[in-house]
Amino acid sequence: EALETWPVETFGKLLPRHMEIIYEINRRFVEDVRKVWPGDETRVARMSIIGDGSQPNIRMAHLATVGSYSVNGVAPLQSRLLKERTLKDFSELWPKKFGNVTNGVTPRRFIGLANPRLVELISYKIGEGWLGDISRLAELEQFANDQQFQSDWHKVKLANKADLSVALHRVTGVGVSTSAMFDVLVKRIHLYKRQLLKALHAIVLYNQLKDDPKNALVPLVVIFGGKAAPGYEMAKLVIKLINSVADVVNRDPSTRDRLTVVYPPNFNVTLAQKIYAAADLSEQVSLAGMEASGTGNMKFAMNGALTVGTLDGANIDIRELVGPENFFTFGMTEEAVREQRSAGYAPRALYESDPALKQAIDMIANNVFTPNEPGVLQPIVDHLIGYDEFMVLADFASYAECQLRAEDAYRNPTAWTRLSILNTARSGYFSSDRSIRDY
């Protein structure tokens, strides 16, 4: 999905024989392209494995596509975008080569090891062996309205939240209430995954509580996690922002026990397993059309978390399978994103027109969260107002409204637990066993 390229000059020095082979593969390939589209040298240039120009590159995705028997995206949306946009020329040349295999995750790890309490409860209800045939989770659906089963399910979630609370306190020193909604965004730090959207919303909530201490906000623990690539400066600034916001919010006695922001360091699978088991709300907020599939969204759903998400990647499949009424949808579609870009996206106008959003961004610009490091977060402000490549501001109002719907649902524990059971019961499709069978 990264469409990586390698400089011919560097590649040729390091791997001269490989470079010769790639040139020969490309020579034969472009001959085939010319036979299908004679005289269309523009198309030949687009499809060539070797990109032209003063510093030619090897287009690794083109090499992979030419060299593969089949090519697939890892969610229906991504597969469609590969065929219609990213690799359109290749799809027209080899239409039968392209397909779809939606990602999956292994239930043995991400329920079996991550959530032993839930395993015990499910096995008590539907019998042993379902971890080897995850489609059997569907048998839980008949118990979604069973009051005793709901009570037992809720107790499992509370116990898992207590375990995570202990782990978070151990690594961050921050105490969190298990009665609060655990609202979780954990994944690789990247601007397209839009951790900034959640961070801005946390600032807006903080301001609302400061302005109105009687605000009926559901007590909220916002949990972030993830790592940034070593050279990705903006991603590292996002981490800096979140931790700086947490320092201010968590030290403010006027918002204590109402809003807590936590960013445990060194997010890894061991910590992730505790988080997936304890989460109430799963944040899947990438800009539509940017996420290949996602797998965290599947792990959360399997463990009974409800999803706040855009129509992106496998979010679309999750929403379809668990039911739109059991999924908190927000944001632009992929088509709307393209229309907005082509019309000329103007984030500054959105910043000026939304007082709560403007206040949050201005607080970052005015060093409210970084008083000892003035200006350190200014690149984030400049990016959001001046460019906002991944349209955080365009989706913010829709996101804030969606969060209100999620909070409102959480106020009814019986209804929420029913939805949690249904999310698990309908998530069997996302097993890696099914993905492997599809391949």
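Two strands pair if DSSP finds at least two bridges between them. Helices (H or I, at least four residues) and strands (E, at least two) are DSSP runs, numbered from the N terminus. The model is predicted: local features need pLDDT of at least 70, side-chain atom pairs count only at pLDDT 80 or more, and totals for chains, interfaces and linings use all residues. Residues are numbered from 1 along each chain as its sequence is written, and side-chain values use heavy atoms, with hydrogens and water left out.

**Exercise 1. Work out how the strands of the open sheet are ordered, and which strands are at its edges.**

Let's go step by step.
- Step 1: the order 8-7-6-9-10-11 places 6 strands in an open sheet, with parallel pairing.
- Step 2: strand 8 (259-262) and strand 11 (328-329) each pair on one side only, which makes them the edge strands.
- Step 3: look at one pair. Strand 7 (residues 220-225) runs parallel to strand 8, and 4 bridges join them.
- Step 4: pick out a bridge. Val222 has Val261 in strand 8 as its bridge partner.
- Step 5: add a helix. Helix 9 (residues 147-172) packs on the sheet and touches strand 6 (181-186), strand 7 and strand 8; contact means heavy atoms within 4.5 Å.

**Exercise 2. Describe how helix 9 and helix 20 pack.**

- Step 1: recall that two packed helices are described by the angle between their axes and the distance between the axes. Axes are lines fitted to C-alpha atoms, for helices over the stretch in contact, and angles run from 0 to 180 degrees between N-to-C directions.
- Step 2: helix 9 and helix 20 (residues 413-425) pack at about 80°, with axes 10 Å apart.
- Step 3: classify the angle. Helix 9 and helix 20 are therefore roughly perpendicular (65 to 115 degrees; under 35 is roughly parallel, over 145 roughly antiparallel, the rest oblique).
- Step 4: find the residues. Helix 9 contributes Phe149, Gln150, Trp153 and His154, while those from helix 20 include Thr414, Arg418 and Ile421.

**Exercise 3. Find out whether Asn315 is buried or exposed, and what it touches.**

- Step 1: locate the residue. Asn315 belongs to helix 14 (residues 315-322).
- Step 2: Asn315 counts as buried, because its relative accessibility is 3% (buried is under 20% relative accessible area, exposed over 50%, partly exposed in between, with a 1.4 Å probe and protein chains only).
- Step 3: leaving aside neighbours within four places in sequence, Asn315 contacts Gln284, Ser293, Asn297, Gly309, Thr310 and Phe327.
- Step 4: zoom in on one partner. A polar atom of the Asn315 side chain lies 3.2 Å from the backbone oxygen of Gln284.

Note on methods
A polar contact is a pair of N or O atoms within 3.5 Å; within protein, one must be able to donate a hydrogen and the other to accept it, and residues adjacent in sequence count only if both atoms are side-chain atoms.
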